[in-house]
Protein chains: 2
Amino acid sequence: MGSAHSEAACRAREMLDRVGDKWSLPVISELGTETRRFTELRRAIDGISHRMLTVTLRELERDGIITRTVHAVMPPRVEYTLTPMGHALLDAVGSLVTWAEAHLDEIDAARTGYDARAEQASALTRPPGRENR
Amino acid sequence: MGSAHSEAACRAREMLDRVGDKWSLPVISELGTETRRFTELRRAIDGISHRMLTVTLRELERDGIITRTVHAVMPPRVEYTLTPMGHALLDAVGSLVTWAEAHLDEIDAARTGYDARAEQASALTRPPGRENR
DNA sequence: CAGAATCCCAGACGATACTG
DNA sequence: CAGTATCGTCTGGGATTCTG
């Protein structure tokens, strides 16, 4: 029952909530190539904090998108791998990337145009006087 | 060629930041069918507040994903339409939806399993005593 | 009807310090 | 090396009120 839209949009939103946080995608993308250790990921992903890498990995593991393997050695060695489901997700995200690349210029242009128009509009409203250069 | 990952992941993240907020996708999805007025969208999208619809529409318009048309009548009549770029985006998101639908059960299972294991693990650590039922 | 402006809070995220 | 715990900040977004 209800609107046909919610079906699709709703499912998609669940996923964007999952993958749309700040670091999930970089992590997934990095693991797309090959299995990695904690510190390797840390170094490969620019700007991620120690804590956020941990948190992100936990979430992804919980959802079955990555696998965590602990090797009982000293010092500890933990490896992370993308599951088949994770690879499929990476593929799905691919079409977003494609879209983004295809329309990046168009988006920039749209923003510039919008901002220019907004600036003009507010200039009309604004009390006339010397511009604040 | 440094890290192959950043190229793709970075672009994708820009888009997830754009579309990954709480309401962009429902709005886009709703406009995918046909042109809509403000209040129509408000009613169609369950749970969205007046304010957030306004904000979301502004952002999408700024990025050239939707078009805003004002009809100078009383009462005001404003219509929103998906641009071609917007339609393309909706298509791209489609593969995420497909992925989500295909793996929903798998994700639920993974979570349940993970949580169960976590519960067990903490039980071992926890000081033995009577369970808190 | 459509939208702008204000206030406020929960939760996401970063920095830092400690542990096995 | 890998992970946990604690704390402070900052922002997304909800409720509400005012306008053309």
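**Two chains and two DNA strands**

The surface near DNA strand D is made up of eight nonpolar, four polar and seven charged residues; here Ala, Val, Leu, Ile, Met, Phe, Trp, Tyr, Cys and Pro count as nonpolar, Asp, Glu, Lys and Arg as charged, and the others, Gly among them, as polar. This is a predicted model, in which local features need pLDDT of at least 70 and side-chain atom pairs count only at pLDDT 80 or more, while totals for chains, interfaces and linings use all residues. Residues are numbered from 1 along each chain as its sequence is written, chains are lettered from A and ligands numbered from 1 in the order in which they are written, and side-chain values use heavy atoms, with hydrogens and water left out.

Staying with DNA strand D, 19 residues lie around it, and A:Phe38, A:Thr39, A:His50, A:Arg68 and B:Lys22 come nearest (a residue is near a strand if one of its heavy atoms lies within 4 Å of it). Sugar or phosphate holds 62% of the strand D atoms within 4 Å of the protein, and bases hold the rest. At least two residues each come from α3 (38–44), α4 and β3 (77–82) of chain A, along with α4 of chain B; helices (H or I, at least four residues) and strands (E, at least two) are DSSP runs, numbered from the N terminus. With four residues, α4(A) has the largest share of this surface.

Some polar contacts, meaning pairs of N or O atoms within 3.5 Å, can be picked out (within protein, one atom must be able to donate a hydrogen and the other to accept it, and residues adjacent in sequence count only if both atoms are side-chain atoms). On DNA strand D, phosphate oxygens sit 2.7 Å from a polar side-chain atom of A:Arg68 and 2.8 Å from an N or O atom in the side chain of A:Tyr80. A base nitrogen of DNA strand D is 2.8 Å from a polar side-chain atom of B:Arg51.

Now for DNA strand C. It, too, has 19 residues around it, the closest being A:Met52, B:Phe38, B:Thr39, B:His50 and B:Arg68. Of its atoms that come within 4 Å of the protein, 62% are sugar and phosphate. The side chain of B:His50 puts a polar atom 2.4 Å from a base nitrogen of DNA strand C. For both B:Arg37 and B:Arg58, a side-chain N or O atom is 3.1 Å from a phosphate oxygen of that strand. The largest share of the surface near DNA strand C, four residues, belongs to α4(B).

What about the two chains themselves? In all, 44 residues of chain B touch 44 residues of chain A, contact meaning heavy atoms within 4.5 Å. They bury about 4,300 Å² between them, 70% of it on carbon and sulfur atoms; buried area is the accessible area (1.4 Å probe) that two parts lose on being put together, summed over both. Four salt bridges cross this interface, each a side-chain nitrogen of Lys or Arg within 4 Å of a carboxyl oxygen of Asp or Glu. One of them joins A:Arg62 to B:Asp115, with the closest N and O atoms 2.5 Å apart. On the chain B side, α5(B) gives the most, with 19 residues.

Helix α2 (residues 24–33) of chain B is largely enclosed by the rest of the structure, because eight of its ten residues are buried (under 20% relative accessible area, against over 50% for exposed and in between for partly exposed, with a 1.4 Å probe and protein chains only).
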